[in-house]
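Thank you all for coming. Before I say anything, please bring the sequence and the model up in front of you, and keep them open while I talk.

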Amino acid sequence: MTAHRTRHAGRSRWFWVGLMFASFGVIAALRITDAIGETTGFILMACAMLLIVPLTRAGLAHQRTTGHLSPAVARYTRRFMIASLGYMLGLGIAITLSERMELSGVGAFAIALLPVLPIFAMIWTMARYLIEEDDEFLRHRATMASLAGLGLVLAAGSFWGFLETFGVVPHVDAWWTFPVWAIGMGIAQCWMSWRDRAGTES
Amino acid sequence: MKNRLKVLRAERNWSQQDLAQRLEVSRQSVNAIETGRYDPSLPLAFRIAALFDMPIEAIFAPD
């Protein structure tokens, strides 16, 4: 029964991930081919982003079956979902405004804050998780994953910076640090989950 | 560190989930400790020892 529930929760989770990325792909393709305008593209992207809600629910259900769901994880997931929705909204508004008006000074500063404030919220959410998690092993895992993400940012950023200095690669905007850190953290979490599954179970 | 957690658990016919609930930790924590991938903190080691009513050194030993 438990195995059946686990398989079902896993399938649901990946179904929502697939649907969300497929939606992003279709909307991006429509936008690139000029089949839809900027505003329509933004609205469709915002709607596709709402898929993060069922994805979060499926993720929580999966974590419950694998024994990873603590109250702190549940709070972290909900806070991160809200911050992600805020990021998508802030990013969409910032891009739309930057394409329609000349930005400078205080205005540019304020508009740059629109997608950045939700990123601050994501960083705060991660910090709160490490503080609130009572399960020391889960806290240890999250800390190691964060350090892996940090290692990837520092390594990739330093290497890319020198390549850029030598004129080998194009310039990359500094806001990539957070996604690269999150990717590193995600890879580390996946690797640790795989290692846990490979461990003895009874 | 080596430990006898799996044997002690089996003697009581407890699943990993049973032990996890008694210790108020995740099942993954129990699994990681049993398989030697994670060494518990001193407070958790004391909780484990108290649960099995044994001294810590009867459960955990250096490699």
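Where in chain A is confidence lowest, and where is it highest? I begin there because this is a predicted model, and where pLDDT is low, the predicted coordinates should not be read in detail. The low end is helix H1 of chain A, residues 2–32, with a mean of 72, while the high end is helix H6 of chain A, residues 136–165, with a mean of 95. Over residues 1–9 of chain A the pLDDT falls below 50, and that stretch has eight contacts in the model beyond its near neighbours in sequence. For chain A as a whole the mean pLDDT is 84, with 91% of the residues at 70 or more.

Let me turn to the general layout of chain A. It contains seven helices and zero strands, and its C-alpha trace spans about 60 × 40 × 30 Å along the principal axes. Of the 202 residues in this chain, 17% are buried. If you take the contacts in chain A with a separation of 6 or more, 75% of them join residues 24 or more positions apart.

One helix pair deserves a slower look. The axes of helix H2 of chain A, residues 38–49, and helix H4 of chain A, residues 71–100, come within 10 Å of each other and cross at roughly 175 degrees; because that angle is over 145, H2(A) is roughly antiparallel to H4(A). On the H2(A) side the contact is made by A:Glu38, A:Phe42, A:Met45, A:Ala46 and A:Met49, and on the H4(A) side the residues include A:Leu85, A:Met88, A:Leu89 and A:Gly92. Sorted by character, the residues of this contact are seven nonpolar, two polar and two charged.

Which residues touch the most other members of the largest nonpolar core? In this core of 19 residues they are A:Phe137 and B:Ile33. The elements that give two or more residues to the core are helices H5 (105–132), H6 and H7 (177–198) of chain A, together with H3 of chain B, and H6(A) gives the most, with five. As for B:Ile33, once its neighbours within four places in sequence are left aside, it is in contact with B:Asn3, B:Leu5, B:Tyr38 and B:Pro40.

Is A:Thr143, which is also found in helix H6 of chain A, buried or exposed? A:Thr143 counts as exposed, because it has 12 C-beta neighbours inside 10 Å. Its C-alpha atom is separated by 9.7 Å from that of A:Met126, which is 17 residues away along the chain.

I will finish with some loop residues of chain B. B:Asn13, in the loop between helix H1 (5–11) and helix H2 (16–23) of chain B, has a positive phi of about 60 degrees although it is not a glycine. B:Asp53, in the loop between H4 and strand E2 (60–61) of chain B, likewise has a positive phi, near 55 degrees, and is a residue other than glycine. B:Asn13 counts as exposed because it has 7 C-beta neighbours inside 10 Å, and B:Asp53 counts as exposed with 7 such neighbours. B:Asp39 lies in the loop between helix H3 (27–34) and helix H4 (42–52) of chain B, and with 14 other C-beta atoms within 10 Å it is partly exposed. From C-alpha to C-alpha, B:Asp39 and B:Asp18 are 20 Å apart in space, and 21 residues apart in sequence.

Terms used: Residues numbered from 1 in each chain as written. Chains lettered and ligands numbered in written order. Predicted model: local features only at pLDDT ≥ 70, side-chain atom pairs only at ≥ 80, totals over all residues. pLDDT = per-residue confidence, 0-100. Helix = DSSP H or I, 4+ residues; strand = E, 2+ residues; numbered from the N terminus. Contact = placed C-beta atoms within 7 Å. Buried ≥ 20, exposed ≤ 12 C-beta atoms within 10 Å, placed from the backbone. Core = buried A, V, L, I, M, F, W, Y, C linked by C-beta atoms within 7 Å. Axes fitted to C-alpha atoms, helices over the stretch in contact; angles between N-to-C directions. Parallel < 35°, antiparallel > 145°, perpendicular 65-115°, else oblique. Nonpolar A, V, L, I, M, F, W, Y, C, P; charged D, E, K, R; others polar.
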